Number of protein chains: 2
Amino acid sequence: MAVTIRDVAQAAGVHVSTVSRTFSAPHMVNADTRERVLAAATQLGYRPNQAARALTTGRTHNLGLIVADIANPFFPPLIKAAQAYARERGYHVFVADTDEDPQEEQELIQTLAKQVDGVVLVSPRLTNHSIERLGMELPFVVVNRRVKGLSAVLMDVGSGAVQAVRHLTSLGHRRLALLGGPRGSWTSEQMRKAATAEAAAAGAELTVIGPNSPTERGGTDAAPEVLGCRATGVIAYNDLVAIGLIEGLAARGVEVPAGMSVVGVDDTVAGRLNRPKLTTVAMPTAAAGRTAVDLLLQAVDARGNGAAAQTTLETSLVVRESTAAVRPGENPPAGAPEIAGAPAG
Amino acid sequence: MAVTIRDVAQAAGVHVSTVSRTFSAPHMVNADTRERVLAAATQLGYRPNQAARALTTGRTHNLGLIVADIANPFFPPLIKAAQAYARERGYHVFVADTDEDPQEEQELIQTLAKQVDGVVLVSPRLTNHSIERLGMELPFVVVNRRVKGLSAVLMDVGSGAVQAVRHLTSLGHRRLALLGGPRGSWTSEQMRKAATAEAAAAGAELTVIGPNSPTERGGTDAAPEVLGCRATGVIAYNDLVAIGLIEGLAARGVEVPAGMSVVGVDDTVAGRLNRPKLTTVAMPTAAAGRTAVDLLLQAVDARGNGAAAQTTLETSLVVRESTAAVRPGENPPAGAPEIAGAPAG
DNA sequence: ACTTTTATGGCAACCGCTTGCACGCTACGG
DNA sequence: CCGTAGCGTGCAAGCGGTTGCCATAAAAGT
């Protein structure tokens, strides 16, 4: 039904292989012949069938992009950038959503495997071991995770966490809390390490709370625990969690930033729109998307040789309205227990 | 390199056709044989190659989903739902972003054509004519647009606009403005028609402003014009535009809702998070995504026969904080007596 | 007991395209 | 004038599956 290479061959009066070559190796065919073939092709509206081509070449010119939750505002800019860049390089991309489910993630990778040249895994929830194993069969690049043998693009969330801690301590906060992300999140772990170290260096206490769902819900649910540890400054796993936390605190009569300073991570629209506008660690998501595709394409071309490349993108703290200086007297000498009963809203 | 149907055949001691059949027509093969084949298959880790299969069957089991801008918060929930539902039905989906460019949209469709069984077009920017022509070669379903011969899922934005107008007039507003969307937007046109009619019926003036870019920028830029037409209530093309407008108004010393009532459309996170929380027309985006895939698969199965189906999804006004009763004296006697506005909730 | 069904699985020809190989032709040095 | 490079093209064998057709054998009918 569709116009194939044979139709073109017939129309141009040449053999199919010649048509094939004028598309995949133009220099191998005589200029005149090429003209003739091209003319016939456009005249018939011929478009090579990628799938068929893939069968013999082993190159599908398709990529997979697997994220935990498309609706999480962190991902769309990354997806958009990755998709646009891939397209520029002649690739189409399958976007899939795992709903934070490692099982689904694995299944997705396996069914996608034959149809793509490689896949980008963003903040995968799979174990390192599983990823390494899958990595033997297909080029991967992981975003926000480090996996042996695989290219990775990392956002320096550790430095972001450090900046956040410094910001809070410089505002006089001495009791900090860190709201971690979901179990198995590399990002969360990096934040924990960096924040813990920096807090210790600054002589501040830091309570780690989690794991939490990386959603508003996760933040809201963590509110009591945050209040319980009597922190005055909180770093949340991401903007959504921060926003949820702020709501949860408000419901308990604690205003942000007056009664509590909150810093988010990601710098999504959500945070920019929230009131108070969120102080947050900005992530270079678009750059990450582009870089990931770039590394993936490199890995695809190298296939076998080619060492895994690592790119680390910088993050930076954006100070807005959800953080403020600690209230005088809020930081009692560590040891004097104090119960600031929060009235239920 | 990968394990093929022949490896399985050899391992199970049967012919390849038998292996093929145990996967695509299990009932045609004896239970014992099937067992043996299945065992060999799982043992070898065999996975059928969709691309190869597509070559003979003509079914790729892939879908295309084309949107104008992935990063626009209206789309992710739709994409997510569509993707999840497609996956449930055994399909993978290519997601592509046209950056609001009709040219790119067309190109995308054509390169995708051979690799998918059908395409969902969300708020396409192409002309009806182009879409119809493309529709001859490939099943399509369009979202938020009506194209002859193609299945469509519509969100009843007209009714949404009517609800918005009623809400505003019931608050006492008599001079309304409507911020349209980009040129060629079906949604925008539906809103215009419905809002104009309803405003006339309610004896209110309505100024249409546009086209506007469907972004915050579009709203901000339109602020002077809104002020210029001395409207007291505005309906924006979408939440983003509404938010941009609110900012633009604030920059000119007009507060919302005190000095101006603004209602958005879409009910995205952005609107929920904004302060004031946006009064907005909620769009059933997730349902739209699912329905679109459903209709598309129907069209794919029918291929040729099967009439185009139309599904209209309801919208509903969500009243939040960006609208309030008009200020006394704000509505000069435009000829008609004025009704006392309902007090803001 | 012998023919007719019916179930099962093998055979081989594709699907649209790529690619190693070989053939025919021109051009060129000796 | 012939041997021999090349170049440009045709030939045909796949890539991994599917599927119409046919052979075989067992089940059923008479």
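In this predicted model, 25 residues surround DNA strand C, and the closest are Ile5(A), Ser17(A), Ser20(A), His15(B) and Thr33(B). Helix H2 (16-24) and helix H4 (50-57) of chain A, together with helix H2 (16-24) and H4 of chain B, each give two or more residues to this surface. H2(A) gives the most, with six residues.

DNA strand D has 26 residues around it, of which His15(A), Thr33(A), Ile5(B), Ser17(B) and Ser20(B) come nearest. H2 and H4 of chain A and H2 and H4 of chain B each supply at least two residues of the surface near DNA strand D. Here the largest share, six residues, comes from H2(B).

The table sets out the classes of residue on these two surfaces and on the side of chain B that touches chain A.

| Surface | Nonpolar | Polar | Charged |
|---|---|---|---|
| Near DNA strand C | 10 residues | 13 residues | two residues |
| Near DNA strand D | 11 residues | 13 residues | two residues |
| Side of chain B that touches chain A | 20 residues | eight residues | five residues |

The contact between the protein chains takes 33 residues from chain B and 33 residues from chain A. On the side of chain B, at least two residues each come from helix H4 (50-57), helix H5 (75-88), strand E2 (92-97), helix H6 (102-112) and helix H12 (269-273). H4 of chain B thus appears in this contact and also in the surfaces near DNA strand C and DNA strand D.

Chain B also contains an open sheet of six strands in the order E7-E6-E8-E9-E10-E12, with mixed pairing. Strand E7 (205-209) and strand E12 (316-318) of chain B stand at the edges with a single partner strand each, so one side of each has no neighbour in the sheet. From one strand to the next, the twist averages 20 degrees. Strand E6 (residues 175-179) of chain B pairs with E7(B) in the parallel sense over five bridges, and Leu179(B) stands opposite Ile209(B) in E7(B). Helix H8 (residues 157-170) of chain B lies across E6, E8, E9, E10 and E12 of chain B, and runs at about 165 degrees to E9(B).

In soluble globular proteins, nonpolar side chains tend to be buried together. The largest nonpolar core of this model has 189 residues. Those with the most contacts inside the core are Val120(A), Val141(A), Leu245(A), Val120(B), Val141(B) and Leu245(B). Leaving aside residues up to four places away in sequence, Val141(A) touches several residues, including Val120(A), Leu150(A), Val153(A), Leu295(A) and Ala299(A).

Methods. Residues numbered from 1 in each chain as written. Chains lettered and ligands numbered in written order. Predicted model: local features only at pLDDT ≥ 70, side-chain atom pairs only at ≥ 80, totals over all residues. Contact = placed C-beta atoms within 7 Å. Helix = DSSP H or I, 4+ residues; strand = E, 2+ residues; numbered from the N terminus. Nonpolar A, V, L, I, M, F, W, Y, C, P; charged D, E, K, R; others polar. Near = placed C-beta within 6 Å. Pairing = 2+ DSSP bridges. Axes fitted to C-alpha atoms, helices over the stretch in contact; angles between N-to-C directions. Core = buried A, V, L, I, M, F, W, Y, C linked by C-beta atoms within 7 Å. Buried ≥ 20, exposed ≤ 12 C-beta atoms within 10 Å, placed from the backbone.
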